[in-house]
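Could you walk me through this protein, one feature at a time? I would like to learn how to read each kind of feature before looking at the case itself.

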Amino acid sequence: MGDYVKLKRSGSGYKGNCPFHDEKTPSFSVTPSLNIYKCFGCQKGGNSIQFIMEIEQLSFVEAARELAKRFGIELVETDSDNSDEAMQNQREKESLQALNEFALQFFENQLHNTEEGQSIALPYFKERGYTLETIKKWRLGYSPTSWTAFYEYAKKAGYTDELLQLAGLIKPREKDASFYDLFRNRVMFPLIAVSGKPVGFAGRIMGNVDKAPKYVNSPETPLYKKSDFLYAVFQAKNAIRKEDKALLMEGYTDVMTLHQSGIENAVASSGTALTSGQIRLLKRFTDNATAVYDGDAAGIKASLRGIDLLLEEGLNVRVVTIPEGQDPDSYCKELGPDKFREYLSSNEENFIVFKAKLLFKDCGNDPIKRSEALRDILQSVALINDILKRDALIKELARVCDTDNAVLHNELSKLLRKKRLKEGQQFLREVDALIQTVPTEVPMGYKLSDYHQERALLKLMIRYGSRLYDEVTTVIEFVMNELNVDEGLSFADEDNRQLLEELKRLFEEKPEWYTAEEWVQFSNPRISTFAASVFSEEHTLSEQFEKSFIHVKREGDNLNREILEVFLNLRRTKIEEAIILEQNRLSDPEVDHDEVLLNLNFLLELKVKIAKELGTVVSR
């Protein structure tokens, strides 16, 4: 699994970010002693064959064959029982895979072995500078001008209309519902998955045809999801690993030209803005990416959001631009492989500096536009988690933008606080989702007291409830929303629980909340007594602290963070209760002990995650 996921040792197992869904904190666990993997975020789990099936989109038989081939194991194949639904899905994917390979062979044959292919399509590829070796290596093809050439050929081979439509190879006519070839009169570029299997096609029109789009791609199918696909990742993955860097292009021909020139770590995002799924695929092989753009400034600006996604996912991003009027394909051919490689190396620059130069070029001396551009640039800097990298970039930005270093640091600090707040709330949601995956209904005898955290939350609700938590939400609105999201977050102390229920009732009656004077004069003595203690200063700092320049953090200095930390501590108590429950289940002979141990390992990992977020130390 280390070939697909960056794993780090964690106790007796390993952990990493799940390759099947987007996440910031690792919830993907591999336990070698049990020969299993499990993601407690998206719930995917199983053994090594199931992992290969899921990540490579293969059937069980194909995954078993793939692993056997990789490790030199001889397989003896037998029949096995599967559920009807699983068997149906498996058969559908196998049929689609077989059909894609069948279509690919048809297009290849049309290119190399027919008069039409040799007179129309083959000269096009050769004019683009591709050798016959490259054409065959990339399995390029041709779909003839006939409206139904492939359809008739596939029908004779026994493929059904339903399967051909599902694969996106044919379309029905509106007038009579008869079918025609989607890719007619096009040169064909097969879309090869990371496994090396064809999952779809892209076709470029030959000649001028009214109303026909220049490029047509396969629609999404059970095998092909555009947002998770990178062109040439199969051909490039070994070179990316070796060089520890990927070159991101915009077009298929750019990638093929670079590969033909010996620059084999190039991939393309299929002409669309980068997506999180494509970035996760890229991160399987490297943490370094260089985006290669042509000189079109408008096109570059449209792609900036995709680059921000790379930064957000933790990649180190650099950018290089090709001179105006050129693209990577044409410029590589003009310079030759060696000089083009040298050009890439000597002209790439950090994305943040590149973005600053690009945006400031259009600002002129307009101070408003310059400030807006700076804020946009700093938004990208805030996505970088490494504090040393951020500091170095701020210094470089100050030089490039002729702006005071302290001003940039001050504005960045504001953005980072907002980002930290958003991440804290997201972390709470992740913890809530993860807690749902294991039994946490603990008998009262195992309830742990968290009196001080419960008291702290009540105090924050009364003292700061009317303050703004963010631009639009008050503290009390945020707290009440959190309590509604996690209905299982109940107070263990009876007095605290009664006080919380009373505050919930009051919020429903008066959402705008009460003032300090109203609280201490409240008719309910339980509330007025508690409010009096809340608004009384228990301790006063000595003047010597200030004289000695010693800063002591006071309550309310970072109110939002304090609230998040209280909720995290309450959730940690809930996790500790679940750990007790799981430990007691080990004494039950009827319980699956492997599952319990897996749950315990996960709960301990989650407890450590929360401790790390809180900045505390916890032992496993």
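The dialogue below goes from the whole chain to single residues.

Q: What should I know about the model before I start?
A: This is a predicted model, so to speak of local features a pLDDT of at least 70 is needed, side-chain atom pairs count only at pLDDT 80 or more, and totals for chains, interfaces and linings use all residues. Residues are numbered from 1 along each chain as its sequence is written, and side-chain values use heavy atoms, with hydrogens and water left out.

Q: How many helices and strands does the protein chain have?
A: Helices (H or I, at least four residues) and strands (E, at least two) are DSSP runs, numbered from the N terminus. The protein chain has 26 helices and 16 strands.

Q: What share of the residues is buried?
A: Buried means under 20% relative accessible area, exposed over 50%, and partly exposed in between (1.4 Å probe, protein chains only). Of the 620 residues in the protein chain, 47% are buried. As for surface, the chain exposes about 31,900 Å², with carbon and sulfur atoms supplying 49% of it; these areas come from the Shrake-Rupley method with a 1.4 Å probe, and for residues only the protein chains shown count as cover.

Q: What do contacts say about the chain?
A: Contact means heavy atoms within 4.5 Å. Among contacts with a separation of 6 or more, 64% are between residues 24 or more positions apart.

Q: How are cavities found, and how many are there of 30 Å³ or more?
A: Rolling a probe the size of a water molecule over the atoms shows where empty space is left. On a 1 Å grid over the protein atoms alone, a cavity is a set of points where a 1.4 Å probe fits but cannot get out, and lining residues have an atom within 4 Å of a point. Grid points are joined across faces, edges and corners, and a volume is the space filled by probe spheres set on the points. The search of the whole structure finds 2 cavities of 30 Å³ or more, and the largest has a volume of about 110 Å³.

Q: Which residues line the largest cavity?
A: There are 14 lining residues, and Lys15, Ser27, Phe28, Ser29 and Glu605 lie nearest the centre. Strand 2 (13–16), strand 3 (28–31) and helix 26 (593–614) are the elements giving two or more residues to this lining. Helix 26 supplies the largest share, 4 residues. By class, the lining has 6 nonpolar, 5 polar and 3 charged residues. Here Ala, Val, Leu, Ile, Met, Phe, Trp, Tyr, Cys and Pro count as nonpolar, Asp, Glu, Lys and Arg as charged, and the others, Gly among them, as polar.

Q: Why is helix 9 said to be largely enclosed?
A: Helix 9 (residues 252–260) has 8 of its 9 residues buried, so the rest of the structure largely encloses it. Among the buried ones are Tyr252, Asp254, Met256 and His259. Glycine 262 follows helix 9 and has a positive phi, near 90°.

Q: Where does a positive phi turn up outside glycine?
A: Most residues other than glycine have a negative phi, and most peptide bonds are trans. One case here is arginine 139, with a phi near 55°. Arginine 139 sits in the loop between helix 5 (132–137) and strand 6 (141–143), and is partly exposed at 24% relative accessible area. Alanine 232 also has a positive phi, about 80°. Alanine 232 lies in the loop between strand 11 (215–217) and helix 8 (233–243), and counts as buried at 2% relative accessibility.

Q: How many aromatic pairs are there?
A: A pair of aromatic rings is described by the distance of the centres and the angle of the planes. Rings of Phe, Tyr and Trp (its six-membered ring) pair if their centres lie within 6.5 Å; planes under 30 degrees apart count as stacked, over 60 as edge-to-face and the rest as tilted. By this rule the count is 28. In one of them, tryptophan 513 and tyrosine 514 have ring centres 6.0 Å apart and planes at 65°, so the pair is edge-to-face. Tryptophan 513 is buried at 3% relative accessible area, and tyrosine 514 is buried at 15%.

Q: What does leucine 586 touch?
A: Leucine 586 lies in the loop between helix 25 (559–585) and helix 26. Not counting residues up to four places away in sequence, leucine 586 touches His593, Val596, Leu597 and Leu600.

Terms used
On a 1 Å grid over the protein atoms alone, a cavity is a set of points where a 1.4 Å probe fits but cannot get out, and a pocket is an open set with protein on both sides within 12 Å along at least five of seven lines; lining residues have an atom within 4 Å of a point.
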